[in-house]
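Visitor: I should like to learn how to read the local features of a model such as this one. Where might we begin?

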Amino acid sequence: MSDSLSGKSILLGVCGGIACYKAVELLRMLMKEGAEVSVVMSGNADKFVTPLTFQALSGRSVYHNTFEAGSSDSMDHIAFAKKADLLIVAPATANTIAKMANGLADSALSNLFLAYDGPVVIAPAMNSVMFEHPAVKANIALLKERGAKIVDPEEGELACGAVGTGRLADLDDILFSTRSVLTRNLDFTGLQVLVTAGPTREFIDPVRYISNPSSGKMGYAIAEGFRDRGAKVDLVSGPVSLKKPSGIEIFNCVTASEMNDWVQRRFPHCDILVMTAAVGDFAPKTIQKEKMKKGGRQSLNLELHATVDILKSVAQKRTTQYIAGFAAETENLIESAKEKLVAKDVDMIVANDISAPGIGFQSNVNQVSLVFKNGTVERLPRADKREIADTLIDRIRGELKA
Ligand SMILES: Cc1cc2nc3c(=O)[nH]c(=O)nc-3n(C[C@H](O)[C@H](O)[C@H](O)COP(=O)(O)O)c2cc1C
């Protein structure tokens, strides 16, 4: 059992949507992490799951009826709300979202929402057409503007049979947002960050390409790290099989040339650029229109041309941006990184020894050295990619202050 939420008082607001049953599991997960959880229900949540279920699992009375004497102890909940560290509303219905955005107080949950002035995490779940409705969008935007953390719903098959965006976010994502809101340091608020991630593919013919095994995990971890510290993040992503992170604008691309197009477009708007993508250095000079046949050949020569040097090209156009690039090397790691830093005129190179076993491409762990403009080199210990990302972001913060 992890105890990352140990000692935290959490209010779990549950609404009357089809995903209501998932709040039962969320309650258990929060308690497993050590949180003290008190459940509050919207006006219609008890049509889906009984208060008794939440009461039995949380070991606390459930606030679900504002007026019925004896069914709940509303004053107790107001007292709990005063000392609660966080309110999570999951699933959040369109109806309760509208009430929270507009200050209506006609259910236990909407009353408590107004009586509570701490951080709020909201995980909407509804039919995709409802979710796309301008009224719902506007209400969510308003709550976000007022500081609520929105855990975006996922795309997929919905309970009504339709396919679209509206399914309650993965419970692990809600838990992750909960942790990050409780521990957050919003020191990048107001800054725009551009991150590139993943590999590129350079096609030989319609079905074959030259690429590399980059998974994109390092870049996605960095993008999420900046997001969690208040930055607005654009992520230019090569083809990866990672889940789209919430709260980040994603620009998908396949080739180095497409990645270059997105980076050139987004770069003027950013304050910080971190290029982790493993961009192909060479691409076939011509792409065969039809799938090539072996045709009895014993060998094949491909003529390649160098792709655009995205990092160098944007660094030349910089105004005030802080720029960090990654260098994946198999030999002379630090020397090559120092040369790259000068050649590309960037502020930091993150040197990544991809020859070391068990780290780098595909792996969840990494081990990198940070090479700074002033010549210093910091070797970070082997760690989870998200931990590496957080340390890297700390160092960038330090550099911006210097
Ligand atoms: C079977 C069923 C499933 C529903 N699922 C959802 C849903 O997932 N999301 C949503 O916003 N509303 C859903 N609704 C509509 C809400 O229940 C309705 O808007 C209700 O007024 C919400 O009340 P509350 O916000 O007090 O929980 C559903 C209704 C029914 C009958």
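Guide: Let us begin with a backbone angle, bearing in mind that the model is predicted. G103, just after helix α4, takes a positive phi of about 75°.

Visitor: Is helix α4 (residues 94-102) enclosed or open, and why?

Guide: A residue counts as buried if 20 or more other C-beta atoms lie within 10 Å of its own. Seven of the nine residues of α4 are buried, so the helix is largely enclosed by the rest of the structure. These are A94, N95, T96, I97, K99, M100 and A101.

Visitor: What covers the buried residues of α4?

Guide: The cover includes the strands β3 (86-92) and β4 (120-124), together with the helices α5 (108-115), α6 (128-132) and α7 (134-145).

Visitor: In which sheet order does β4 occur?

Guide: The order is β2-β1-β3-β4-β5, an open sheet of five strands with parallel pairing. Its edge strands, β2 (36-41) and β5 (149-150), each pair on one side only. Two bridges link β4 with β5 in the parallel sense, and I122 stands opposite I150 in β5.

Visitor: How should one read the side-chain directions in strand β13 (residues 272-275)?

Guide: In a regular strand, side chains alternate between the two faces of the sheet. In β13, I272 and V274 point one way, L273 and M275 point the other way, and all are buried.

Visitor: Which strands are joined to β13 by four bridges?

Guide: Strand β8 (residues 192-197) is joined to β13 by four parallel bridges, and strand β16 (residues 322-329) likewise runs parallel to β13, with four bridges. L273 stands opposite L194, while its bridge partner in β16 is I323.

Terms used
Residues numbered from 1 in each chain as written. Predicted model: local features only at pLDDT ≥ 70, side-chain atom pairs only at ≥ 80, totals over all residues. Buried ≥ 20, exposed ≤ 12 C-beta atoms within 10 Å, placed from the backbone. Pairing = 2+ DSSP bridges. Contact = placed C-beta atoms within 7 Å.
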